[in-house]
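Q: The sequence and the structure are shown below. How does one justify the terms that are used to describe such a model?
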Amino acid sequence: MNIRPLGDRVLVEPAEEKEQMVGGIYIPDAAKEKPIKGKVLALGKKYDKDHKELAFDVKVGDEVLLPKYGGTEVKIGDKKLQLVREDDLLGVFEK
């Protein structure tokens, strides 16, 4: 994938949703909650006020905790991805 987020944004692939079934009834996509875990695919570049490049707290490949309603959903190819500011990420899963 040849895309680099701009600024302090992070491109995340949300975790796959498992098919939900309650009492033999399938839950429609509109009623399902969004996944809040995802994998970092790409990072932008962030700078301080003196235009010095700063390091991100996350790196490509990290599993992160996403905000439930934050970021921007984008579709690239056949994948639904989420573009989120680094400050909006809630945490990183330690391995």
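A: Each term can be tested by setting a value against a definition, as the following turns do for this predicted model.

Q: What makes β1 and β4 paired strands?
A: Two strands pair if there are at least two bridges between them. Strand β1 (residues 9-14) and strand β4 (residues 37-43) are joined by 5 bridges and run antiparallel, so they meet the definition of a pair. One of the residues involved is P14, whose bridge partner in β4 is G38.

Q: Why are β8 and β10 said to stand at the edges of the sheet?
A: The open sheet holds 6 strands in the order β8-β9-β1-β4-β7-β10, with antiparallel pairing. Both β8 (72-76) and β10 (91-92) have a single partner strand, so one side of each lacks a neighbour in the sheet. For β8, 5 bridges lead to strand β9 (residues 79-85), and E73 stands opposite Q82 there. The hairpin of β8 and β9 has 2 residues between the strands, and G77 takes a positive phi near 65 degrees in this hairpin.

Q: Why is D8 called buried?
A: Buried means under 20% relative accessible area. D8 has a value of 17%, so the word applies. D8 lies in the segment before β1 and touches residues including K45, F56 and V84.

Q: How do you know that the side chains of D8 and R85 make a polar contact?
A: The limit for such a pair of N or O atoms is 3.5 Å. The distance between the two side chains is 2.5 Å, which is within that limit; the contact therefore qualifies.

Q: What makes E13 and K79 a salt bridge?
A: The nitrogen and the carboxyl oxygen must be within 4 Å. In this pair the N to O distance is 3.7 Å, so the condition is met. The pair links distant parts of the chain, since E13 is in strand β1 and K79 in strand β9, 66 residues apart. E13, at 24%, counts as partly exposed, and K79, at 35%, is also partly exposed.

Q: Are the partners K59 and D62 buried or exposed?
A: Exposed means over 50% and buried under 20%. K59 has a relative accessible area of 53% and is therefore exposed, whereas D62, at 9%, counts as buried. The side chains of K59 and D62 meet in a salt bridge of 3.2 Å, N to O.

Key
Residues are numbered from 1 along each chain as its sequence is written. This is a predicted model: local features need pLDDT of at least 70, side-chain atom pairs count only at pLDDT 80 or more; totals for chains, interfaces and linings use all residues. Side-chain values use heavy atoms; hydrogens and water are left out. Helices (H or I, at least four residues) and strands (E, at least two) are DSSP runs, numbered from the N terminus. Buried means under 20% relative accessible area, exposed over 50%, partly exposed in between (1.4 Å probe, protein chains only). A polar contact is a pair of N or O atoms within 3.5 Å; within protein, one must be able to donate a hydrogen and the other to accept it, and residues adjacent in sequence count only if both atoms are side-chain atoms. Contact means heavy atoms within 4.5 Å. Lists of a residue's contacts leave out its neighbours within four places in sequence.
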